[in-house]
Structure formats: C-alpha cells, structure tokens
Amino acid sequence: MKISPYYYLGFILLCLVFNSCSEAKPPVWEKTEIASATPPGLIPLPKEVTWGSEIYTLPEENTICYDGVSGEIAQWVDQLLESSGMSSVISQGGTCGNIKIVSDPSLEEELGKEGYLLDIDSTGISITGASEAGLFYGVQTLRQFFPAEIEQGDWDGKVALREVHIKDQPFYSWRGNMIDVARSFFGVEYLKDHIDRMAAYKLNRLHLHLTDDQGWRIEIKSKPKLTEIGGNSSVKNGRSGFLTQEEYIELQEYAAARNIIIVPEIDMPGHIYAALRSYPELNCDDLSNLTPAMTTFPEPYHEYRVGWSKFCLEKKEVVYDFVATVIGELAAITKGPWIHIGGDEIKDPLYESFVVKADSIVRSLGKTSVGWEEVTKAKVDPSLISQQWHGRVEPQVDTKIIKSLCSHFYLDHANVPGQENTNNWCKESGVSIKEVYNFKTDNPDVIGVEAAVWSEFVLSDHIMDDRYWPRNLAVAEVAWTPASKRNFSDFIERANSHSSRLGNMGIHYFLTPEINWGDQEIAENSKTVFSGFMPDQK
Ligand code: TNX
C-alpha cells in the first residue's frame, strides 16, 4: 500500500507539536509490519540491549555505505535485504545512506575482535565493529530482527525494525560444535548447512571427528588406502564416504567467511581400526594391539564398542612416520591454527610418549594441538588445549581447557528420557536443554565450550538436526553470554520466538517440550538467507 509522503510529514509535525513521538506508531500499519516490529527474542542474548520505541521501516531501495575492511560485510547486508524483497546500492565511503557499516579498529580494546555495536533508529541502521568478525555478528543480530520467512525468501511485506542500541561481545572465544563424521559420514552439503546454522547463532569452531574404528573420512594423498579402504566402511546402517582435500579446503573457506574455523581431528593412538585395516603394518605382528578383537582382521568394524584398537606403539618408526605424514598433509591443507590429536579411551604403557610425540609433530608444523583430556596425563607442551569430556583426569600440565562435559554437552544423549537411538552411558535420563543451559564454571583456564554429537546412532541428516536443535541454541548462549546474565525461563521465552526461524531454516529439530512450537511447519529445503552465499573479496 502506498501512503502519500504528506501523510508522514503531517504525522511528524503532530509529533513535534505534542511531543508524543516515543509512543506513537504510524496509524496505518500493515499487519505484517507490526508483527515484525515487536522486539525480537535475541539468541544468544547480547551483552547490552537498550530498546527504543520507534519503528524503522526499511524502504524498498537502500544505500549501504562502508569504510575500511567492511566491503564484504556490506555484501552480507545486501544479501539479507535482497532475500527480503528489497534492493540496495553499496557504496564505499562518500555520502552515506540509510545503512552504515563502520569498521573501527580502536573498538577492539573495548569489545574485542568479535564484538560489535548495532544501532537502529529513525534514520536507519548502523553496525560498527573492530573487525570483520564483529561486523559479521552485527549482521547476524540484525537478521534476527527480520521476519523468519526471509530465510526461505518467502517475504513480500515490509520489514519494520524496532529501535535499539546493542553493544555486544562474546564471553568465550571457543564456541564449538563437534560432528562425528567417522561413525556415520556427513558430507560437504550437510556440513555447509550446519555451518550456516552455527553462524546464525554466533558459534565459531567446527570440530570434525574425522577418523575412528568404523571409518576414515579425510583424503591423505600419500596414504591413499586410508580412504580407498578406510573410507568405505561405517557403523551399522550408517553412511560411508570421505572428504577429498579439495572439499575440505572448500568447506574451510565457506566456514571462514562465516567466522568459523574447522578443527580437524585424527583420533590416535586408539580409535584407529580404519587406519589399521588400510595399512596393516601399523599393527603388531600378532595383532595384540587389537584386544579384545572385535572383528576378524581385516574385516571392517560396524559395531559400537570403544577402546579396543590402537597403533602398535612399540613399532615407533613405522607409527611415527605414519603420524608425521598424515598430520603433515593435514596441517598443510588446514587453514586454522589447530589440529586435534584425539587421545581418548586407550591404555598403553607407551601412551604418554606417543602423545608427547604427536603434539611435538603438530607444533613443528606451526599448529597447536587439541586433545581429549586424557592427553594431559602426559607432559605435553602447555600450549596444548585440553578438551574435557568427564573432567576426571588430573593434568600433568596446566593448559587451556574446552568444556565438553558429557553431562551438559553430549548431544548424542537423549533430548528427553527414553528417546530412541541415543547414547545414555553418561546420563541415563539424557541431556535436557535445561542441563545444557545451566552449565557454568569459574575456572579461568576455560576458553570455551563445545557440544558434541557422536554418530553411532545418528545415521541421517534429520537425526543430526534432531540432536543439535534446539539444544544448540542453549549451547550458543552458554558460549556467548556470561552465566551471571543467563536465565532459563527468559531464554525459553526467546527460544519460543525462534521456533519459526528454525522451521524456516529447514531444521528438523526435536520437539522439546519446554518450547512452544505452535503449528510451525518445517520447510522442505534447508536453504537459508545466507545458504551458499560467498561475498566477493574486496
Ligand atoms: C565416548 S567421549 C567417546 C566416543 C563415543 C561416545 C559415545 C570420547 C572422547 N569418546 O568414542 O562415540 O563416547 O557417546
């Protein structure tokens, strides 16, 4: 509907005369406009939010201006507007339009690299950040002001935004998810969808558990049998396959554009049967490293038992040569600074010396190791990051810590007691969204949290969605918002308003009883406003 400009002029004059603008709304709102101008429930909760009472309605044609390093960010905003049925012109510097993207490096001192300011008022929108990461998160917050239908490009109404001032910054630098692609394979397409969803909620580390007894999922060109043989198997009824190096590189670029770093894991010296089948010389000659033998060597392994396979650690030269080759190739194609060396669930008199060696190989390649907490039984370098999953190991060395405690973050456990096809060894009743949300720690060495989904029973994309969502909303808030500012019932209120967004993003979430899902339908395709989007490099 078109309204004459004189109408608005009159309205503004009336406001001025009666000084009553703060409560005023234009008298002829379209239903959809009003709906979208209520303050959105933001997840994760920003550090400081000050709501105003004005409404800013985006015009059909917009001008986005940017300065400094923010050219790519202007393109994300452009994409957001385009998916909402609006157009925009991007201009560098010069006269500014209704949308301003400002990079201000001096803000880093106050808000860090990932912090940002988002302002919406009657003149338009401005996002300020010290770096691209912060500006990117400003865009993700802005996205939550838009109707959920834009995710599918199904919006032809206006977009009206509530006046706000937001100053935001994450509590933890490590805001992670782990996907076990080894037991059952998840390929580039699903991983990209997952990356899109993580980015929407400001999660920034995707740890890929690439190898285990049931399968090997990353191409190593100088050890081709790892994928020829090891890539061909999976857990019972799971998917096999592997990422080529090209796919792995592409995935990292896709993730990096969304401020997400991929953390690749080669699980060693245990959980290694897929490699042992591919290169039998890594076994002891009597196969005593496979105890108790869970399958007839070299048949593949499809079952669920853990802790029965390991390298023949006495064969130092063969094993270390293999490790150096694999980690060397992996490090060369890994963009991020971390390589995860696994290290869980295995006993061997040579375990500690193996871990020290594996860590030193990683460091010699200019990377930093992450390991499951057992690795801190060894005197590893203090630069290693320990990923705690039960918190019972007494470390030999003080290191930084990622909390992945199974009682709060193992999302392969049930959403509600008795959910089918879930693990329950850590908590019989499962891990509810409330248990995820209520995690807190005072340990100053903790750099963040990471939720994990092991895929023994996660055999399809829809099941992976069901395990991650909506609990990943709680993970995101635990990772971003300090415990002192978190409140479960307030979170659930906000999560209610995200149900339609999750549905529009095509996420096959679990119908958590705590959340009011309404009659929300799940979109058939998993595309979102930013699916597949890559800004041109500026
Ligand atoms: C333990 S926790 C494992 C995985 C299993 C998972 C099942 C950890 C470091 N290892 O190998 O898949 O339990 O919940």
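**Exercise 1.** Is Arg183 buried or exposed?

*Solution.* The model is predicted.
Step 1. Take the relative accessibility of Arg183, which is 2%.
Step 2. Apply the cut-off: buried means under 20%.
Step 3. Arg183 therefore counts as buried.

**Exercise 2.** Find the acidic partner of Arg183 and classify that partner by accessibility.

*Solution.*
Step 1. The side chain of Arg183 meets that of Asp180 in a salt bridge. The N to O distance is 2.9 Å.
Step 2. Asp180 has a relative accessible area of 0%. Asp180 is buried.

**Exercise 3.** Which parts does the salt bridge between Glu303 and Lys236 tie together?

*Solution.*
Step 1. Check the contact. The closest N and O atoms of Glu303 and Lys236 are 3.3 Å apart, and the cut-off is 4 Å.
Step 2. Place each residue. Glu303 lies in the loop between α9 (273-278) and α10 (316-332). Lys236 lies in the loop between α7 (225-228) and α8 (245-256).
Step 3. The pair therefore ties together parts that are 67 residues apart in sequence.
Step 4. Add accessibility. Glu303 is partly exposed at 33%. Lys236 is partly exposed at 35%.

**Exercise 4.** Describe the salt bridge between Asp466 and Arg467, then name the residues of the network that includes Asp180.

*Solution.*
Step 1. In the Asp466 and Arg467 salt bridge, the closest N and O atoms are 2.5 Å apart.
Step 2. Asp466 is buried, at 13%. Arg467 is buried too, at 3%.
Step 3. Turn to the network. Salt bridges with shared partners join Asp180, Arg183, Asp212 and Glu456.

**Exercise 5.** How many salt bridges does the structure hold?

*Solution.* The total is 24.

Note on methods:
Residues are numbered from 1 along each chain as its sequence is written. This is a predicted model: local features need pLDDT of at least 70, side-chain atom pairs count only at pLDDT 80 or more; totals for chains, interfaces and linings use all residues. Side-chain values use heavy atoms; hydrogens and water are left out. Buried means under 20% relative accessible area, exposed over 50%, partly exposed in between (1.4 Å probe, protein chains only). Helices (H or I, at least four residues) and strands (E, at least two) are DSSP runs, numbered from the N terminus.
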